[in-house]
Amino acid sequence: MLQQADKLGCRSFLTPQDVVEGVYKLNVAFVANLFNNHPALDKPDDVDLEAYDHIEESREEKTYRNWMNSMGVNPHVNWLYSDLADGIIIFQLYDIIRPGIVDWKRVHIKFSKLKKFMEKLENCNYAVELGLKLRFSLVGIAGHDLADGNPTLTLALIWQLMRAYTLSVLSQLAESGSPIVEAEIISWVNTRLKDAKKTSSIRSFQDSSIANALAIVDLVDAIKPGTINYDLLRHDGTPEDNLANAKYAISTARKIGARIYALPEDIMEVKPKMVMTVFACLMARDYIPNLDSKQQQQ
């Protein structure tokens, strides 16, 4: 089943073990991603679709939406800006990142007809307040920006939510309770590569050498030796070759159990925010191979 999904470019989130064990969140995210890419719906006769041609989901928006849905938020996120405008999904993400931080008595779950606008605005104001409590950089972001679906400011908050989630997982793995900073991830990457006698290394998440994905491939092989077929890698350094390597890197990382949310293009173009999540997820996989099982037990 997953091999056929891979042919459609939709083999995201799942491993065969996830299917067999029925991991709910990941299976829902897989089906949602499949539907979003190949809905197999007939074009309606009475709707002018040309009016909607300007509406197109960016790669960044798709990554964030897939991440949120993989977290099991309810309702399912279909369009970031409208679906987050009442703040309810944002609160769910906060509660996943730091359980207990949300005072649900302050959250409007159901909205009255007369006060709907103000109740949603109160939710969004509280969402910004919690972000500041988590030390997010929210300069210039107010509740009405989220309620209005401001793309730039909404994405700024979502990125920090995803980053906080990734780092919170690593903090749990550290067992010390102190957050793992990005410099520690870079140090871990280079140490792991050196210990495995790999020649690759990285200086930062903006390192141009990451574009060919060889450092990620080497790291996957360092975590689980024998995973990588090095004959499949391309070394000419063209955009096409780098993209092919990035696809292979993400595919093999997911196969060993790393929950990668970034896209191959993010690696090829060295998008530092998304590159950080790739290495952080690999670090989490290395520390605790069965992280999902541990989280479910907790």
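Start by selecting Trp67, a buried residue with a relative accessible area of 1%. What you have open is a predicted model, so treat each stop as a place in that model. Next, add Tyr165 to the selection; at 12% relative accessibility, Tyr165 counts as buried too.

Now show the side chains of both. The ring centres of Trp67 and Tyr165 are 6.0 Å apart and the planes meet at 55°, so this pair is tilted; the tilted class covers angles that are neither under 30 degrees nor over 60. Where does each partner of this pair sit in the chain? Trp67 belongs to helix 4 (residues 59-70), while Tyr165 belongs to helix 9 (residues 151-174). With 98 residues separating them, they link distant parts of the chain.

**More rings**

Trp67 and Tyr165 form an aromatic pair, and the whole structure holds six aromatic pairs. For another, select Trp79 and Tyr81. Their rings are 5.4 Å apart, centre to centre, with 80° between the planes, and the pair is edge-to-face. Colour the two by accessibility if your viewer allows it. Is Trp79 buried or partly exposed? Its relative accessibility is 30%, so Trp79 counts as partly exposed. Tyr81, at 8%, counts as buried.

Then select Phe91, Trp104 and Tyr126 together: ring pairs join these residues into a cluster.

One further ring is worth a click. Select Phe111 and Lys120, and look for the charged end of Lys120, which sits over the ring of Phe111 at 5.5 Å from the ring centre.

**Salt bridges**

Time to turn to charged side chains. How many salt bridges does the count come to? It comes to nine, and the tour visits some of them.

Go back to helix 4 and select Arg59, then add Glu269. These two form a salt bridge, and their closest N and O atoms are 2.8 Å apart. Arg59 lies in helix 4, whereas Glu269 lies in the loop between helix 13 (264-268) and helix 14 (272-287), so the salt bridge ties together parts that are 210 residues apart in sequence. Both ends are partly exposed: Arg59 has a relative accessible area of 27%, and Glu269 has one of 39%.

Keep those two on screen and add Asp266 and Lys271. Arg59, Asp266, Glu269 and Lys271 are linked in a network of salt bridges.

For the next stop, select Arg106 and Glu129. Their salt bridge has its closest N and O atoms 3.1 Å apart. Arg106 is in the loop between helix 6 (88-97) and helix 7 (116-133), and Glu129 is in helix 7. They are 23 residues apart, and the pair links distant parts of the chain. Arg106 is partly exposed, at 41% relative accessible area, and Glu129 counts as partly exposed as well, at 39%.

Return to helix 9 for another salt bridge: select Arg163 and Glu182, whose closest N and O atoms are 2.9 Å apart. Here Arg163 in helix 9 is joined to Glu182 in helix 10 (residues 182-195), with their positions 19 residues apart in the pair. Arg163 has 29% relative accessibility and counts as partly exposed; Glu182, at 27%, also counts as partly exposed.

**Backbone neighbours**

Switch to a C-alpha trace. Select Ser70, which lies in helix 4 and counts as buried at 3% relative accessibility. Add Ala29: the C-alpha atoms of Ser70 and Ala29 are separated by 5.0 Å, although the two residues are 41 residues apart along the chain.

Move to Asn27, found in helix 3 (residues 24-37). At 22% relative accessibility, Asn27 counts as partly exposed, because buried means under 20%. Its C-alpha atom is separated by 6.8 Å from that of Leu14, and these residues are 13 residues apart along the chain.

**Last stop: two helices**

Finally, select helix 11 (residues 214-223) and helix 12 (residues 239-255). Their axes come within 9 Å and cross at roughly 25°. How do the two helices run relative to each other, roughly parallel or roughly antiparallel? Helix 11 is roughly parallel to helix 12, because angles under 35 degrees count that way. Rotate the view to follow their crossing, which is left-handed.

Methods: Residues are numbered from 1 along each chain as its sequence is written. This is a predicted model: local features need pLDDT of at least 70, side-chain atom pairs count only at pLDDT 80 or more; totals for chains, interfaces and linings use all residues. Side-chain values use heavy atoms; hydrogens and water are left out. Rings of Phe, Tyr and Trp (its six-membered ring) pair if their centres lie within 6.5 Å; planes under 30 degrees apart count as stacked, over 60 as edge-to-face and the rest as tilted. Helices (H or I, at least four residues) and strands (E, at least two) are DSSP runs, numbered from the N terminus. Buried means under 20% relative accessible area, exposed over 50%, partly exposed in between (1.4 Å probe, protein chains only). A charge sits over a ring if NZ of Lys or CZ of Arg is within 6 Å of the ring centre and within 35 degrees of the ring normal. A salt bridge is a side-chain nitrogen of Lys or Arg within 4 Å of a carboxyl oxygen of Asp or Glu. Axes are lines fitted to C-alpha atoms, for helices over the stretch in contact, and angles run from 0 to 180 degrees between N-to-C directions. Angles under 35 degrees count as roughly parallel, over 145 as roughly antiparallel, 65 to 115 as roughly perpendicular and the rest as oblique. A crossing is left-handed if the near helix is turned anticlockwise from the far one by less than a right angle, and right-handed if clockwise.
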